[in-house]
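Ready to find your way around an unfamiliar structure? Take a look at the sequence and the model, then try the exercises one at a time before reading each solution.

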Amino acid sequence: MAKRIDVSGLTAYYGNHKAIDDISMTVEPRSVTAFIGPSGCGKSTFLRTLNRMHEVTPGGRVEGKVMLDDENLYGAGVDPVAVRRTVGMVFQRPNPFPTMSIYDNVAAGLRLNGTKKKRDLDAVVEKSLRGANLWNEVKDRLNKPGAGLSGGQQQRLCIARAIAVEPQVLLMDEPCSALDPISTLAIEDLIGELKEQFTIVIVTHNMQQAARVSDRTAFFNLAHVGESGRLIEIDDTERIFSNPSVQATEDYISGRFG
Amino acid sequence: MDATPTATLPPAKGQPRAVTRPGDRIFFGLTRGSGILLLLVMAAIAAFLTFRTFSAVSQDHGNFLTTFEWNADATPPVFGIAVLAYGTIVSSIIAMVIAVPVAIGIALFISHYAPRRLAGALAYVVDLLAAVPSIVYGLWGALYLVPRMQGLTAWLNEYLGWTVVFKQSNPGTAARSLFTVGILLAIMILPIITNVSREVFRQVPKAHEEAALALGATRWEVVRTAVLPFARSGIISASMLGLGRALGETMAVATVLSSSPVLTAHILDPAGGTFAQNIASHFGEATNFGRDALIASGLVLFVITLLVNGAARLIIARRKEYSGANA
């Protein structure tokens, strides 16, 4: 259920502005890769190119190749809708559908895919909620609105919603930045469990978090405000945080940035 | 009184008094004054309507609720609202059935489908539609729409006549019917429903749309799972605004409808009437008593509108926890 991501020469634009420039990297299956870097360096933009969400933004445009095993996501005739069913995403702020119950939120993706049978849905909803470590907290109120949960529960609900459609890859865009430390811990534990099934890419501003959850870490930076973001280096997390090969990475990690 | 120290007295020990600033107090006074004024106006209207209604209805020799004809100035006065209530409701229902889906479609196209420039132009045209005075709609309806409804009327009568609703008692008569009125009203209430819905659609948080997109939703599925549910209460409010206008529309209806005290299920027949149309048609030559009778019918319209609004609020409130307002 997990695939390798192989990005080569990827450049993304907002209108005429080149947001990220010529990025190449490989993400191994069943691993967690963290993207770190200062605000505006293009980590989130890059993440969004991995499931073709970048082009949803008006003026958003991408050049280059993203291979998911043998398939180029930007190849001719590839349907972005199909790509997003294979590459799931969890956002910065928990965004459960406010008009839907907890159950319907998790089932939403399956219903879009055409699964209608109550029994199939029940099974997947339970499996996904268990997978997101939320089942025990919500099993008695599956028909209550998803927006009534706490922030951390909502985010785990969003994770359950994302994994319900059994994607190959799970992208997480600062999934804990709106959460308190306890909820953050719950999500981090969850990421550790999810990586046994999924390829996970996580953007984070919290370097301890990157150090705690990821196997590989990529550092992004931009030379000046208004210029394009670049990948400075990607390496094993341990190495990035102990002995990075680029001086800028060490400056950023040790807080001597700028 | 010692629990609430006045402005001149120093606050009691251990009871820190909230600081009041003149700006806050003026603003508070203004807002409260506006609120009270609104209630007073409403109470005054209600009292006026009720008083005049009682003086008229008490002398009605027919049953006010079930009588068909409106002869308030005859001796003895015989008048009732049956035809008017029926005509008002039927023409409004026709207008809503046509206008709501079309308006939602236009609003969705403007907010989610059309390229930005086209969307702006289209929104402007819809606004323009709202600026046309109702008497102009009426004239257009009577001079242009009615003759051109002849064909559609005949077609409906021929192929859907078996439904009774689309049966014409005298085929070939001018299409000055409740059906034509309904179509005209639909065009008139289209802009307000479109504009309000469009604003609601625009306010759907990007996060909800992206959530649907990230699950692999197509554009239509995004609209279905994220946009429409979020906008549901807004669409209902928009429709109620439109319905309010349709119920109360006067000049356009009076110009187009060939009114008569006939209550019929055949909506293609040139017959019937509406509250507002009836008031407009009779007010000019009515005596004081006749005017009171017309005001009585106005009160009924007022109550119907109130009930409709109440029902809409109930629908919205019933699913409040799902409204998305707390997201």
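Below are six exercises on this predicted model, each followed by a worked solution.

**Exercise 1. Two long helices**

Work out how the end-to-end span of helix α2 (residues 82-113) of chain B compares with the expected one, and do the same for helix α4 (residues 134-160) of chain B.

*Solution.*
- Step 1: Begin with α2 of chain B, which has 32 residues. From first to last C-alpha, α2 of chain B reaches 45 Å, close to the expected 46 Å.
- Step 2: Look along α2(B) for a bend. There is a kink of about 25 degrees at A99(B), shortly before the proline P101(B).
- Step 3: Turn to α4 of chain B. A straight helix of 27 residues would span 39 Å, but the end C-alpha atoms of α4 of chain B are only 31 Å apart.
- Step 4: Search α4(B) for a kink as well. One of about 45 degrees sits at L145(B), shortly before the proline P147(B).

**Exercise 2. The buried side of a kinked helix**

Find which residues of α4(B) are buried, and which helices they pack against.

*Solution.*
- Step 1: Go through the helix residue by residue. The buried residues of α4(B) are Y137(B), G138(B), G141(B), A142(B), V146(B), M149(B) and T153(B).
- Step 2: Recall a general rule about spacing. An α-helix has 3.6 residues a turn, so residues three or four places apart point the same way.
- Step 3: Now find the packing partners. The buried residues of α4(B) pack against α5 (178-202) and α8 (251-256) of chain B.

**Exercise 3. Spans from the record**

Which residues of chain B does UniProt list under "transmembrane region", and what does the model show over the spans 174-193 and 293-316?

*Solution.*
- Step 1: Read the record. The unreviewed UniProt entry lists residues 35-57, 77-110, 122-146, 174-193 and 293-316 of chain B.
- Step 2: Check residues 174-193 of chain B. This span is 80% helix and 0% strand, with its end C-alpha atoms 30 Å apart.
- Step 3: Check residues 293-316 of chain B. Here the chain is 100% helix and 0% strand, and the end C-alpha atoms lie 35 Å apart.
- Step 4: Chain A has an annotation too. An unreviewed UniProt entry gives "domain: ABC transporter" for residues 5-247 of chain A. In the model, that span is 35% helix and 27% strand, and its end C-alpha atoms are 27 Å apart.

**Exercise 4. Where the chains meet**

How many residues does each chain bring to the contact, and which helix of chain B gives the most?

*Solution.*
- Step 1: Count by chain. The contact takes 20 residues from chain B and 23 residues from chain A.
- Step 2: Sort the chain B side by helix. Both α6 (206-214) and α7 (219-248) of chain B supply at least two residues, and α6(B) gives the most, with six residues.
- Step 3: Sort the chain B side by class. It has eleven nonpolar, six polar and three charged residues.
- Step 4: Pick out H208(B), which is found in α6 of chain B. H208(B) touches N95(A), F97(A), A226(B) and F230(B), leaving aside residues up to four places away in sequence.
- Step 5: Decide its burial. H208(B) is buried because 22 other C-beta atoms lie within 10 Å, and the cut-off is 20 or more.

**Exercise 5. A hairpin in chain A**

In what sense do strands β1 (residues 5-14) and β2 (residues 17-27) of chain A pair?

*Solution.*
- Step 1: Follow the bridges. The two strands of chain A pair in the antiparallel sense over seven bridges. Among the pairs, L10(A) has I23(A) in β2(A) as its bridge partner.
- Step 2: Look between the strands. The hairpin has two residues there, and G15(A) takes a positive phi near 60 degrees.

**Exercise 6. Buried or partly exposed?**

Classify E166(A) and E174(A) as buried or partly exposed.

*Solution.*
- Step 1: Place E166(A) in the loop between α6 (151-164) and β7 (169-173) of chain A. E166(A) has a positive phi of about 50 degrees although it is not a glycine.
- Step 2: Place E174(A) in the loop between β7 and α7 (181-194) of chain A. Phi of E174(A) is also positive, near 45 degrees.
- Step 3: Count neighbours inside 10 Å. E166(A) has 18 C-beta neighbours, so it counts as partly exposed. E174(A) has 21, so it counts as buried.

Terms used. Residues are numbered from 1 along each chain as its sequence is written. Chains are lettered from A and ligands numbered from 1 in the order in which they are written. This is a predicted model: local features need pLDDT of at least 70, side-chain atom pairs count only at pLDDT 80 or more; totals for chains, interfaces and linings use all residues. Helices (H or I, at least four residues) and strands (E, at least two) are DSSP runs, numbered from the N terminus. The expected span of a helix is 1.5 Å times one less than its number of residues. The bend at a residue is the angle between axes fitted to the seven residues ending there and the seven starting there. UniProt positions are given in the numbering used here, feature names are shortened, and annotations may be inferred rather than shown by experiment. Two residues are in contact if their C-beta atoms, placed from the backbone, lie within 7 Å. Ala, Val, Leu, Ile, Met, Phe, Trp, Tyr, Cys and Pro count as nonpolar, Asp, Glu, Lys and Arg as charged, and the others, Gly among them, as polar. Two strands pair if DSSP finds at least two bridges between them. A residue is buried if 20 or more other C-beta atoms lie within 10 Å of its own, exposed if 12 or fewer, and partly exposed in between; C-beta atoms are placed from the backbone.
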